[in-house]
Every structure is written in structure tokens, then in C-alpha cells.
Amino acid sequence: MSWILRALRRGILTTRYPAGPAEMPGRWRGVARAVPDAPAASYERGAAVCLSRAIEPRGHDAVVFADRCFQCGHCAVVAPEAFVMTNEFELAHTADPMLTQQLLAQRAAAFGRSVFIRHVDAGSDYSCDQEVQALFNPFYDLNRLGIFLTASPRHADMLLVTGAVTGAMEEPLRRTFAAMPAPKLVVAVGSAASSGSIYATDAIAGPVDRVVPVDVKVPGAPPPPLSIMHGIWVALGRVGARRAEPSA
Amino acid sequence: MIARDDALGDAAAAAALTRAAVGNGARFVWCYADVVERRTVLRYVVEENGALVTHSGVAGDVVPSLDLAAARWHERELVDRWSVRIEPAPAGGSPLTPGPADAYRRAWSPEVSAVLYGPIRSGIGESARWVIETAGEDFIAVEPSFGYKRRGLEERFVGLSVELAPFVAEHVSGATAVSHATAFARAVETAGKIDVPLRAQAARSMLVEFERIHQHLDALAKLADDASLSVGSAQTFAAKERVHRLLAEGTGNRFARAVVCVGGTRFDAFASMAQACSQSLDRVESEATGLVDALFATPSLIDRLVGTGRLAPELVREYAAVGPVARGSGVACDVRASGGAIYADQEADEALRSDGDALARAHVRRDEIRRSFRIVRNALDAAPGGEWRSHAGEIERGAGMARVESPQGELLYAVRIEGGIRRVAIRSASFQNWPLFVPALPGNIFTDFSFIEHSFGSIVAETDR
């Protein structure tokens, strides 16, 4: 049986997202959220077990920095009265609250209907990269939306960076960004790229925005393909970020 | 599994014992350093008759080199990161430290040129760099540099509680997070003599096999893509996607992260996985196996794999390679065979091929995908009841080593605890296999590079740590 027939027989697998709705399984863990009005000690307990320092207790409430959360869910295990894991996947937010959807859309207008993406692994654990790869499988098929991968930064409109930036990748990342023509967009894919996550600050150069300017951050360890799609859509100004996220 | 520790003598004596053991047919596994009471202790590990044997000694001013191809990168790491003086010193530049971009611009003959490939590469690849000496199409020599992704993870464990530490192990290689968390947990369980309930063992076993399935599908999809078989590649990636969806349904994470913990699993993962499997396992399996069979019936793919990156079994033994790389050259090496997996199908032989080329390694992956589904079904059928976690207190002191058959092959963790974690050492399958990638290239042409790389299926993240 030819590959074309085989693919046709399988029918359409592709999600309607972002035009239509999509959801992650009920059990899927997005990022942690604080539930207000629990005993102060509960928030302290959750913060004490967070390896990426994503939780800041504030009396009978806490701030959870979504871009630091690596979705382990341990805070909700040790303090279920104070933390829950939601299964929302639309978690992307702009790095700068002043960067509105309108401003992003104006910048993206220069790209026309097709957008070329360059991916750089700045020190990932390799799961984020596989989720970026998954964007091009038939379930998500970014090509249908006019989004393509390019091997050359000279052709690239958008830079997707995975991983906290290691010392050795700082310069290659900076040079890739410099080689891209303006206007250009940078999306930090995953909590490590967005915030440095669990990595010791003296072991890495830092999150991506320490090295090149970041427009949009996508929390997750790794963020599933739907989260990354949402992040790309936010960066192109085609959809607003869900909410203003506190950033660490 | 036996981990025998000698009374601490001199590292030179430990090295001599190791060298002699390898001379008598033992397989070199790794060597690593630990600092105990301000002394640098070297631990050499070999496998004899299926059991791990450790020879330890305190490093003096000079430690003799083992002079084994299998040990070269390990010794390099002792020199680069632990300041151990090894004589004779490992030759050449370090493959584990990123070099300056212009360090290799030597004067070439008119025919030979050097191509710098990496660290940022085309497509969606991991960062690493190769200096390739070539005369047109042929590889003459290849010099790798790794370390671009070094993020200090072995050091990150130090001082953590064993409850949180598996999350760090999952960051060593996020794509094979279950293997890493399980190897770490078993090392701690060995150190603390902690029993793991059968129900948790069944859940871990299933999750490791699902991990093998999605990583083998990943490698095969990339090979199809290398051969410009775009529909075949896309459909194989779709089969991989189905595995991730099943895992998200059954564990809450597409790579089954934050499930394995010391003493078992963090929640009743067996129950939730059994539920997810009852809905979609048949579909996931028929898609995966059907697609992989179709790939092997596609001549344009097979033609590019036959004879590519051929490895003689002697070379595989010399480098002590593991996993599908070893098995593709007919060298048996599977942790599951030595009692690591209780649900392994006893009647099924280890997937072995003898041709040693990229096709043989792909065949091994195809056979293993089927075998992994069988192991998953065996575990589901066994359905052990009871607890999913044994409740042990915090471990005050102890040391342990354990291994897991990860998708890339044998993965080892060694842990030393003294009022908190003092040292975690990791020997990944990828670290052991990359050195063999270099001699796999000469004799092939430039466009074979990606085929050989994807037939190895090694991960840079777990190599650099």
C-alpha cells in the first residue's frame, strides 16, 4: 500500500486549534495555581518543596510564577488545600506587559501570510525539542497555517529557543539572533528557557532573556504542542495572551 | 545485582584490577570520581557474568590510564572536571569541552578541507559540534565537541532530599525521564534497602517500555525524514504522538514525568495507566507496529540504510557500546535480560541483528517496539494489587548503584548519601555510545551523517548533563 493511500485511509487527524477549541486530558498537569485563604503554613510548605522557586507565599495566599513552574505538581501533593494543578494549556504570555497584541500584530504584518521559524537548542533536556518537532506531525500540522521551519537564520522571522542558556551556547544564540533580519520575534519555549527553572544560577548563563530579547514565554516542562502553538499565535498577535502573568 | 566495594587502596591498584578483568573478558562499564573526606576516590565498574563489580581506590599524584577505547571519554572527564592526572594523558583535544571556533583552522592540503558542523544545526537537533575533515564526499576524520549543553546537573543533586531529587534526574534527559528517574530511585532503594511494591514495579516497567516505544518511533521517523520519505515520517511521528497522548491520559504528563519516586510511584500510576490503556492501547499498538512495518517495506528507505555506518562486533566490544547500537552488531547487552524487568517476556529473545549497519539498528528498534508492547501487556495482565509505594523514612547514610535499560541502552546511577545526597554520578548510554560514532563515519559519504546519527539515536542532553 502506498504511503499516500495509507495517509488518506487514516483520515483527518489534525486539530482545529487555533481556529476551534482544543483541550488536554483531564488528568494533565498544567501549572500550579494558589488557592487563597488556606493557612499561611500551607503556602510555606508548598514553597519549600518547589525546586524551581516558583512559589512566593504572601500570608494567606501565594504568587505562583507560571514561567518558573515545571509542572511536577508536588506543591499540590504536600499542600492540597493551598495549591491546585489546572489543565489549561494556553499559558503563553508576553515577556513585557507593555507588549500588546496590537503591537505584536503590527510587527508580524511584515511577514505576510507565511512565517519562517528557526529553532535553537540553547541547553534543553531534549523533551522541549521533541515537542517542537511534534508541531509538524499530522495532529498539529503547522504547515497548514503557513508556518515553516528554516535552517537559516537569514530566512527566519521567529526564533524558538528551548532550554536554559548554557555558558557555551550564549554566543551561538546571540549570533543567530543577530543574523536574523528585522522585524523578528523570539519565543522562549518551556520553563527552562523562560526562567531557568531548576538549574543552579551559577551553572548556566541564564534564561533566554538574559541573552537576547524575548517577546513571548511559554511555560511547561515540556510545554505540549498545543501550548507552543498558542505561544506562536500570541507572538504573531493573532490572539491575546490569556492573562497577565506575574514574572519572576 | 552485586556492587562489591573493595577496601580503599590506591587508585592505581584499582585500575590494574579493572584492566585485568577486561583482559579476562569483563565488560568495561564506567569510571567516575567522588570526593570523600577530601580525598578523590576513583571507582571503576566492570560487568562480570551479568553482575556489576566495582574496584575503588584513592587517586594519588598520578593514575595510570586504562588505555581502553571504552574508557577514554570517562578518563577525559576525570582530567577535565576532577583534575585527576592520568598518565599517559588522553591524546588530542577534549571531546567534552566546547572549543573555540577557530581552533581547528590549520593549513590543509589542497584536497582536504575542514567543515565546522554545529553547535547550532539545521532542523530540530540538539547542540553539539563536529569538525569534519573531508575531501569532497568522503569522511577522512571527525572530531566531536560536546559540552555545549552542560548544565551542572550532577552537582544540582547535592544537598537535596531523596523525595525531590528524582525531578532533577528527569531534567538530565527529559525525553527519557522515566528511565532516569527509575535508575536514580533504584540506586537510592539499593542504598537504603527499600523494597518496592510489585504494583509500583509493574507501573515503572510499563512506563519505561512506553518510553522505549516513543523514542524508537522518534528515531525511525527521523530516518524516514532523512530519506525524504515525508509522508512515512509524518505518519510515524503521528504514531509517536499517540503514545504521548496515552501517557498524558495515564500519568498527567506526555513524557510521564513526576511519576517515579523513591519507594515506588507518587500516585497509583498502575491504576491510571491501566485505565488509559483499556481505552487506547490497541489503537496505539496497531498504528505503531503497522507503520513501522510499512517503513521497512519502502525500498527508498531501506536502500539508504543498507551498509551505512557498519560496525564490526569487535569494534562494538572494544568501545563497550550498549543498547540498540550493540544489539545491531550482534553483541548481547540488555539490562532486562539480567533480571532488570520482571515482566520481560521470557520466551522472547533479546532483539539481535548481526549486520551492524544502520538497517540492523533500525530492525532492532522495530523488534523492540513489538517486544515493549508485549511487556506492557504482561504487566497489565499481572495486575499486582496492594500498595504502590513503600513508606521508608529519610535515609541517613548509604551508597548504591543501579541500572535501567533506557531506550538508548544501559543507564547507570550511583548515589552516595550522608545526611542528604552527597554525590550522584550518571553513566548514560549515549555517553558510552558517542565515541563509537566517530569510527562509524569513515568509509561513508557526507550525506550518510544524519542516517548514522539517527540510527544511533543518542541524546546530547544526557551526555553533557
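**Figure 1. Arg199(B) is buried, as is Asp268(B).** Buried means under 20% relative accessible area, exposed over 50%, and partly exposed in between (1.4 Å probe, protein chains only). This is a predicted model, in which local features need pLDDT of at least 70, side-chain atom pairs count only at pLDDT 80 or more, and totals for chains, interfaces and linings use all residues. Residues are numbered from 1 along each chain as its sequence is written, chains are lettered from A and ligands numbered from 1 in the order in which they are written, and side-chain values use heavy atoms, with hydrogens and water left out. A salt bridge is a side-chain nitrogen of Lys or Arg within 4 Å of a carboxyl oxygen of Asp or Glu. Arg199(B) and Asp268(B) meet in one through their side chains, at 3.0 Å from N to O. The two residues are 69 places apart and link distant parts of the chain: Arg199(B) is in helix α6 of chain B, while Asp268(B) is in the loop between β12 (264–265) and α8 of chain B. Helices (H or I, at least four residues) and strands (E, at least two) are DSSP runs, numbered from the N terminus.

**Figure 2. Arg121(B) and Glu453(B) form a salt bridge.** Over all chains, the structure holds 50 salt bridges. In this one the closest N and O atoms are 2.5 Å apart. Distant parts of the chain are linked here, 332 residues apart: Arg121(B) lies in the loop between β8 (113–117) and β9 (129–135) of chain B, and Glu453(B) in helix α14 of chain B. Both Arg121(B) and Glu453(B) are buried.

**Figure 3. Arg304(B) pairs with Asp448(B), and a salt-bridge network is shown alongside.** The side chains of Arg304(B) and Asp448(B) meet in a salt bridge of 3.1 Å, N to O. The pair links distant parts of the chain, 144 residues apart: helix α9 (residues 299–305) of chain B holds Arg304(B), and the loop between α13 and α14 of chain B holds Asp448(B). Arg304(B) is partly exposed at 27% relative accessible area. Asp448(B) counts as buried at 7%. One network, built from salt bridges that share partners, joins Glu209(B), Arg212(B), Arg327(B), Asp334(B), Arg336(B), Glu368(B), Arg371(B) and Glu405(B).

**Figure 4. Phe139(B) and Phe446(B) stack, and Phe437(B) meets Phe456(B) edge-to-face.** A pair of aromatic rings is described by the distance of the centres and the angle of the planes. Rings of Phe, Tyr and Trp (its six-membered ring) pair if their centres lie within 6.5 Å; planes under 30 degrees apart count as stacked, over 60 as edge-to-face and the rest as tilted. Over all chains there are 22 aromatic pairs. Phe139(B) and Phe446(B) lie 5.5 Å centre to centre, with 10 degrees between the planes. This pair links distant parts of the chain, 307 residues apart: Phe139(B) is in strand β10 (residues 138–145) of chain B, and Phe446(B) in the loop between α13 (429–440) and α14 (449–456) of chain B. Phe139(B) is buried at 5% relative accessible area. Phe446(B) is partly exposed at 30%. Phe437(B) and Phe456(B) lie 5.6 Å centre to centre, with 80 degrees between the planes. Phe437(B) is in helix α13 of chain B and Phe456(B) in helix α14 of chain B, so their pair ties together parts 19 residues apart in sequence. Phe437(B) and Phe456(B) are both buried. One aromatic cluster includes these four Phe residues, with Trp73(B), Tyr117(B) and Trp130(B) among the other members.

**Figure 5. Charged side chains sit over rings in chains A and B.** The criterion is NZ of Lys or CZ of Arg within 6 Å of the ring centre and within 35 degrees of the ring normal. Lys184(A) lies over the face of Phe177(A), 4.1 Å from the ring centre. The charged end of Arg366(B) sits over the ring of Phe296(B), 4.6 Å from its centre.

**Figure 6. Chain B meets chain A.** Contact (heavy atoms within 4.5 Å) involves 63 residues of chain B and 53 residues of chain A. The buried area is about 5,000 Å², with 61% from carbon and sulfur atoms; this is the accessible area (1.4 Å probe) that two parts lose on being put together, summed over both. Three salt bridges are counted between the chains. One is between the side chains of Asp125(A) and Arg257(B), at 3.0 Å, N to O. There are also 23 residue pairs in polar contact between the chains (both at pLDDT 80 or more). On the side of chain B that touches chain A, the elements giving two or more residues are α3 (153–156), α4 (165–172), α6 (198–226), α7 (230–251) and α8 (269–296). Of these, α7(B) gives the most, with 14 residues.

**Figure 7. His244(B) lies in helix α7 of chain B.** His244(B) is buried, at 1% relative accessible area. A polar atom of its side chain lies 2.8 Å from the backbone oxygen of Arg254(B). A polar contact is a pair of N or O atoms within 3.5 Å; within protein, one must be able to donate a hydrogen and the other to accept it, and residues adjacent in sequence count only if both atoms are side-chain atoms. Leaving aside neighbours within four places in sequence, His244(B) is in contact with His214(B), Arg254(B) and Phe255(B).
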